[in-house]
Amino acid sequence: MTSSTISPNSTFFITKKDPGLSAFSSSSPSPFSIPKCKKSISKKIVSVMAPQQSERRPATTGSVKTALTMTEKIFARASEKPQLIPGENVWVNVDILMTHDVCGPGSIGIFKKEFGQDAKVWDREKVVIIPDHYIFTKDERANRNVDILRDFCNEQNIKYFYDIKDLGNFKANPDYKGVCHVALAQEGHCRPGEVLLGTDSHTCTAGAFGQFATGIGNTDAGFVLGTGKLLLKVPPTLRFVMDGEMPDYLQAKDLILQIIGEISVAGATYKSMEFVGSTVESLTMEERMTLCNMVVEAGGKNGVVPADSTTFKYLEDKTTLPYEPVYSDAKARFLSEYRFDISKLEPLVAKPHSPDNRALARECRDVKIDRVYIGSCTGGKTEDFMAVAKVFLASGKKVKVPTFLVPATQKVWMDVYTLPVPGSGGKTCAQIFEEAGCDTPASPSCGACLGGPKDTHARMNEPMVCVSTTNRNFPGRMGHKEGQIYLASPYTAAASALTGFVTDPREFLQ
């Protein structure tokens, strides 16, 4: 079993299984030792001719079908192949290509260079372009990137371009959305069984909808713009079975931090991570998005959750396009299987400077912090802000450190100001945040999650200690290279804001 950094006092349990029917060798040694038979081998040559064989006739019962995982089935459908195996390279038909202001200009440049200045994209309704990274800044080159996107979309008549022109008031831009991975879901671009590629590593978020979604580079995106196809290698699948009732002080962020801590930031390199079990089935769509969002922090090619009634309900008012879910066969081959009893898990953080530097939140209670950041594709969704408000409401206290709030999208921002928080007597998140002394919710964007220009809202321009609901804590990730980032759930981040130290949310939720 992979070594664990969880405290020996913890009562959390995990078991790992390397299924015997796997066609691949596991990265972990087998728990069984199989003795080798020693047998003398005669060196005498007894024959130099192959034995005669009768002519082999073609089988008349048809091809033998191999059981497939979800990801393998999506690849098979997208490549129009009845069968395939992990490691096989196949040309897949792309359903959606997404790009944004950071990688879009480069992808467009490659497309024009390779296909011609007057070339047209393969399908103007399957290209989704979302400015979101470096938006609310005076940096001229960052602003120019959005101009390049706008010119290209006008030239190509791209149907789904979520433009922003008035940087002084985002609400004056009805088409502007915000963080691409959350906007893709809210605008109905995520559908079960499809292939969604994006020029951003966290495109894997969309796997929550039972589809194959992964990040690609600018060169690949330029090729997809012109052809609608891409050569991809079929990944083997790791299966994560999570069962047990989820304690009310845990969130999906704790689950994925546990998994990354268990297998390391390289443990799922070019592998699909499939999440199943009663705990996963109980998660909302936004929580499933959090789970899939950080598979890339484990090196994963994609994350995927089987579509179910929760998925279909979410999609009811999002899309009218038909879709067909796929599910892993009962005898599908998994590279490894991990089993978790979530009822025993405690709130976690990832200490600097790696997402797999896992620790119990309560073990870091002596870590003094300078600020808290709530936002990003990982932790800036409506339910994330509701969770923060829940902790503030339960405590009745004010924050002790600056607490920055950056809604992922314009819809999330509206929810923060309009949706009543359960048990609050009708108060909204915004009202609760104001009473708690938080910073005013900022314009929706990726914000300081990846640093950005120096005038980016809440960027760490000095060495500070920050508890953040984001996804990476490498040196310099949120700005200053000497900054220290503790990744945490919205619950844990809110609790930490109230004390000024890394804090287990059970101090306020129980």
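**Close-up views of a predicted model**

**View 1. Packing of helix 2 against helix 5.** Helix 2 and helix 5 (residues 218-227) pack with their axes 8 Å apart and at an angle of about 55 degrees. Helix 2 is therefore oblique to helix 5, and the crossing of helix 2 and helix 5 is right-handed. On the helix 2 side, the contact is made by Gly106, Ser107, Ile110, Phe111 and Phe115. Helix 5 contributes Asn218, Thr219, Ala221, Gly222, Phe223, Leu225, Gly226 and Thr227. The model shown here and in the other views is predicted.

**View 2. Cys103 in the loop before helix 2.** Cys103 lies in the loop between strand 3 (96-100) and helix 2 (104-115). Its relative accessible area is 17%, and because buried means under 20%, Cys103 is classed as buried. Leaving aside neighbours within four places in sequence, Cys103 is in contact with Thr199 and Asn218. Asn218 is also one of the helix 5 residues in the contact with helix 2. Cys103 and Gly217 are 114 residues apart in sequence, and their C-alpha atoms are 8.1 Å apart in space.

**View 3. Helix 1 and the residue that follows.** Of the 10 residues of helix 1 (residues 70-79), 8 are buried, so the helix is largely enclosed by the rest of the structure. The buried residues are Met70, Thr71, Glu72, Ile74, Phe75, Ala76, Ala78 and Ser79. Glu80 follows helix 1 and has a positive phi, near 60 degrees.

**View 4. Helix 6, buried along its length.** Helix 6 (residues 252-263) has 12 residues and reaches 17 Å from its first C-alpha to its last. That span is close to the 16 Å expected at 1.5 Å a residue. In helix 6, 12 of the 12 residues are buried, so the helix is largely enclosed by the rest of the structure. The buried residues include the charged-type names Lys253, Asp254 and Glu262 as well as Leu255, Ile256, Leu257, Ile259, Ile260 and Ile263. Ala252, Gln258 and Gly261 are buried too. Just after helix 6, Ser264 takes a positive phi of about 85 degrees.

**View 5. Val349 and its contacts.** Val349 is found in strand 13 (residues 348-350). With a relative accessibility of 1%, Val349 counts as buried. Not counting residues up to four places away in sequence, Val349 touches Leu257, Asn357, Arg358, Ala359, Ala361, Cys364, Tyr486, Leu487, Ala488, Thr492 and Val502. Leu257 is among the buried residues of helix 6. Lys253, another buried residue of helix 6, is 96 residues from Val349 along the chain, with 9.0 Å between the two C-alpha atoms.

**View 6. Strands 15 and 16.** Strand 15 (residues 371-375) and strand 16 pair in the parallel sense over 4 bridges. Val372 stands opposite Thr403 in strand 16. Thr403 and Leu405 point one way from strand 16 (residues 403-406), while Phe404 and Val406 point the other way. These four residues of strand 16 are all buried.

**View 7. Ser496 in helix 14.** Ser496 is found in helix 14 (residues 490-499). Its relative accessibility is 0%, so Ser496 counts as buried. Residues up to four places away in sequence aside, Ser496 touches Ile369, Val372, Val467, Phe501, Val502 and Thr503. Val372 is the residue that stands opposite Thr403 in strand 16, and Val502 is also touched by Val349.

Notes
Residues are numbered from 1 along each chain as its sequence is written. This is a predicted model: local features need pLDDT of at least 70, side-chain atom pairs count only at pLDDT 80 or more; totals for chains, interfaces and linings use all residues. Side-chain values use heavy atoms; hydrogens and water are left out. Helices (H or I, at least four residues) and strands (E, at least two) are DSSP runs, numbered from the N terminus. Buried means under 20% relative accessible area, exposed over 50%, partly exposed in between (1.4 Å probe, protein chains only). Contact means heavy atoms within 4.5 Å. The expected span of a helix is 1.5 Å times one less than its number of residues. Two strands pair if DSSP finds at least two bridges between them. Axes are lines fitted to C-alpha atoms, for helices over the stretch in contact, and angles run from 0 to 180 degrees between N-to-C directions. Angles under 35 degrees count as roughly parallel, over 145 as roughly antiparallel, 65 to 115 as roughly perpendicular and the rest as oblique. A crossing is left-handed if the near helix is turned anticlockwise from the far one by less than a right angle, and right-handed if clockwise.
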